[in-house]
Amino acid sequence: MMNSETSPLFSPNTKTLDVTVLVFSGASLMCVASTIDPMRAANRVSGANLFNWRIVSLDGQPTMTTCGLPIAVSSSFDTSAKGDMLLVIGGFGTSDIARTTFTANLRRAVHNYRMIGGIEAGSWLLGRAGLLSGRKATTHWEDMEEFTAEFPDADIRPDRYVIDGPVFTSGGASPTFDLMLHLIRSRYGMSVALDVASVFIYDGAHASNDAQPLVSLGRLDDVHPKLAGAIRLMERHIEQPLTIGAIAKRTGLSARSLEKIFAKAVGEGPGRYYLRLRLKVARRLITDTKSPLADIAARTGFSSASAFTRTFRNFEGKPPSAFRPVH
């Protein structure tokens, strides 16, 4: 694993990421969810297998989170298994585990992955395995002073998360969610990341170098102050869609400027993004309700059921009826 500024896993790519998630007892349920649920949501909103993940423990037995809920695992940690990314989630008691022979096993296993991440107290495991030496890193703010003293060869930062070449560390649950959104945005595009954030009604993604106790940077508005306003207008006008010219005018832009902003930030024009947004609402209505297709067409701004069906098929590759659940 060579030291570099940016991991290729955070570069644009459509290939599936193979992820192993190693969870230790004493981990926070929120940390586990912030790691796994963004991957699940990315697969769902994209309709593609962007992530394959498996959850493992040291002994193959379920791990107990701090709130008392167990995490089911598929197997024990196999040092010979290969993948793209190994994510280590630790919590209370992890610093003691780090003193065992596990660190030697981790040093062997890391060569089978392109990237390794330490989440919350998982950073202690990476440090004890010698993987943070000469690298920037972080951990939960409560442990920052002790962590800095423990690993003097590392450049410890009070950041929410830190990516240094093939190694990253995260300070806790919310920073891990931000990190996963950053991975999705960097690899699969802004549009997928926005859709994932919307699944969780999460509109305040933070920058990696925001200090952990004070978080206020990196919001969608910072990508471009007019972009968020345009998307919110689209969300409020699904049944009676606005023209792109009207959206541009309401956000204080020319239509051409709005086109450029969307092309740069989202990777597609506002018209296509707006249409996909309406079709996403339609697909949810198709799968989650028994509303007639004509009603769904009207509720998502189409002039007729036939026009809706034709557009839906062009985007999804199947007619709306194919997405109706079978009872």
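**A friendly note on the pocket, helix 7 and the sheet**

1. In this predicted model, four helices each give at least two residues to the lining of the largest pocket: helix 1 (29-46), helix 7 (190-199), helix 12 (270-288) and helix 14 (305-316). Helix 12 provides the largest share, nine residues.

2. The largest pocket holds about 910 Å³ of space. Its lining has 28 residues, and those closest to the centre are Val 45, Asp 195, Arg 276, Lys 280 and Val 281. By character, the lining splits into eleven nonpolar, seven polar and ten charged residues.

3. Helix 7 deserves a look of its own. Eight of its ten residues are buried, so helix 7 is largely enclosed by the rest of the structure. The buried set is Met 190, Ser 191, Val 192, Ala 193, Leu 194, Asp 195, Val 196 and Ala 197. Just after helix 7 comes Ile 201, with a positive phi of about 50 degrees.

4. Turning to the sheet, you will find seven strands in an open arrangement, ordered 5-2-1-6-7-11-10 with mixed pairing. Strand 5 (75-76) and strand 10 (161-164) are at the edges with a single partner strand each, so one side of each has no neighbour in the sheet.

5. At the strand 10 edge, strand 10 runs antiparallel to strand 11 (residues 167-170), and four bridges join the two. Here Tyr 161 sits opposite Ser 170 of strand 11.

6. Helix 1 also meets the sheet: this helix lies across strand 1 (17-23), strand 2 (51-57), strand 6 (85-90) and strand 7 (115-120). Relative to strand 2, helix 1 runs at about 155 degrees.

Terms used
Residues numbered from 1 in each chain as written. Predicted model: local features only at pLDDT ≥ 70, side-chain atom pairs only at ≥ 80, totals over all residues. Heavy atoms only, no water. 1 Å grid on protein atoms, 1.4 Å probe; cavity = no way out; pocket = protein on both sides within 12 Å on 5 of 7 lines; lining within 4 Å. Points joined across faces, edges and corners; volume = space filled by probe spheres on them. Nonpolar A, V, L, I, M, F, W, Y, C, P; charged D, E, K, R; others polar. Buried < 20%, exposed > 50% of the residue type's maximum accessible area, 1.4 Å probe, protein only. Pairing = 2+ DSSP bridges. Contact = heavy atoms within 4.5 Å. Axes fitted to C-alpha atoms, helices over the stretch in contact; angles between N-to-C directions.
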